[in-house]
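Here are a few notes to read alongside the model, written as numbered points so that you can check each against the coordinates. I hope they help you find your way around.

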Amino acid sequence: MRILRAAHLGMCFGVRDAIALALDQADAGPLTILGDLVHNPSVLSALEAKGIAVAHDVAHVTTPTVMVTALGTSDRTLARTRALGLTVVEATCPLVRVAHRAVAALAREGYHVVIVGQRDHVEVRGLTGDLDRFDVVLNEDDVLALDEHPRIGVAAQTTQAIEKVRHLVDVIRRRFPHSDVRFLDTVCKPTKERQSAAVEMARQADVVIVVGGRSSNNTRELVKTCKRYCVRVHHVQTDADVSPEWFDAAQVVGLTAGTSTPDEVIDRVEARLRTIEWQRASAARMASK
Ligand code: SF4
């Protein structure tokens, strides 16, 4: 059984920098993170071990300093938080900021903003939080429910699969042939790299393991992408989730991971695959004696 790691996988610079900033700030004084810094249980327990609190509502913050996550937030929310007398540290990823600027530019130029993404996702709430009118679409049914506007400006949650985003932009263009539909590609480079590397890997694999938090959007997108090229795809959070029976008759096992998955977690999953491979080889040797 050969293990094939995707050429690009795992934690992106945006998440890495946000974690480093949180750990630095925690050394300087008590800190509360607004929302999950990343959607990964291993990282969240490491932060908890440092005494960093997590609050999902600013009303529940009890420390003088709060951190906005890599996923960003709206200017309105920032202003509301500062008005409460809290010091705000922003760990917003620069590529999320690019998406914010794109959305602001579309709105400024008179486009009705449509975001391709998950309506309740923190990043999408941040992208739309300064707009009075907007729509969020995730599939063709959502596009069918859109109203017509003379100018429609489309941007995407940074972790959406670019093929899906482009497809939905085409559907919007076909549905509103008389509208000026402008698309600004805000899917981030690390997401694109992980998606295309996952395709390359899944094409060659008999089984694919995708490592990442259950609620991580980009991990779930990787699972969907891999399923288009390989029928045996498993989403695991840690090495403990890996089952030996998944690999019956598998020659090549592909491995990829979402942008919030730490290297150690990926390495432990790979080590578990190697142990399973070793156990299988030993059992085969014993049977042939
Ligand atoms: S997935 Fe992309 S946008 Fe999100 S934190 Fe990572 S690099 Fe930034």
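1. A word on terms before the ligand: a residue is near a molecule if one of its heavy atoms lies within 4 Å of it. Please also keep in mind that this is a predicted model. The ligand is surrounded by 13 residues, and the closest are Cys-12, Cys-93, Thr-158, Cys-188 and Pro-190. The elements that give two or more residues to this shell are helix 1 (13-28), helix 4 (94-108) and helix 8. Helix 1 gives the most, with three residues. As for where the ligand sits, it is in the largest cavity.

2. Next, one of the sheets. Strands 7, 6, 8 and 9 make an open sheet of four strands, in the order 7-6-8-9 and with parallel pairing. At its edges are strand 7 (134-137) and strand 9 (180-183), each of which pairs on one side only. From one strand to the next, the twist averages 25 degrees. Helix 7 packs on this sheet and touches strand 6 (112-116), strand 8 and strand 9. The direction of helix 7 makes about 170 degrees with that of strand 9.

3. Strand 9 deserves a look of its own. Four bridges link it to strand 8 (residues 151-156), in the parallel sense. Arg-151 has Asp-180 as its bridge partner in strand 9, and Val-154 has Phe-183. In a regular strand the side chains alternate between the two faces of the sheet. Which side chains of strand 9 are buried, and which are not? Val-181 and Phe-183 point to one face and are buried, whereas Asp-180 and Arg-182 point to the other and are not.

4. Another open sheet is formed by four strands in the order 1-12-10-11, with parallel pairing. Here strand 1 (2-5) and strand 11 are the edge strands, pairing on one side only. The twist averages 25 degrees from one strand to the next. Strand 10 and strand 11 run parallel and are joined by four bridges; Val-211 has Val-236 as its bridge partner in strand 11.

5. Helix 9 (residues 217-227) is mostly covered, with eight of its 11 residues buried. The buried residues include Asn-217, Glu-221, Leu-222 and Val-223. Among the elements that cover them are helix 7 (162-175), helix 8 (189-204), strand 10 (207-211), strand 11 (233-236) and strand 12 (252-257).

6. Two glutamines make a useful pair to check. Gln-118 lies in the loop between strand 6 and helix 5 (122-128). Gln-118 counts as buried because its relative accessibility is 18%, and buried means under 20%. Leaving out residues up to four places away in sequence, Gln-118 touches Val-124, Val-136, Leu-138, Gln-157, Gln-160, Asn-217 and Arg-220.

7. Gln-237 is in the loop between strand 11 and strand 12. Is this residue buried or partly exposed? Gln-237 has a relative accessible area of 22%, so it is partly exposed. Beyond its neighbours within four places in sequence, Gln-237 is in contact with Pro-41, Val-211, Gly-212, Gly-213, Arg-214 and Val-265. Gln-237 and Gly-126 are 111 residues apart in sequence, and their C-alpha atoms are 26 Å apart in space.

Key. Residues are numbered from 1 along each chain as its sequence is written. This is a predicted model: local features need pLDDT of at least 70, side-chain atom pairs count only at pLDDT 80 or more; totals for chains, interfaces and linings use all residues. Side-chain values use heavy atoms; hydrogens and water are left out. Buried means under 20% relative accessible area, exposed over 50%, partly exposed in between (1.4 Å probe, protein chains only). Contact means heavy atoms within 4.5 Å. Two strands pair if DSSP finds at least two bridges between them. Axes are lines fitted to C-alpha atoms, for helices over the stretch in contact, and angles run from 0 to 180 degrees between N-to-C directions. On a 1 Å grid over the protein atoms alone, a cavity is a set of points where a 1.4 Å probe fits but cannot get out, and a pocket is an open set with protein on both sides within 12 Å along at least five of seven lines; lining residues have an atom within 4 Å of a point. A molecule sits in a cavity or pocket if more than half of its atoms lie within 2 Å of its grid points.
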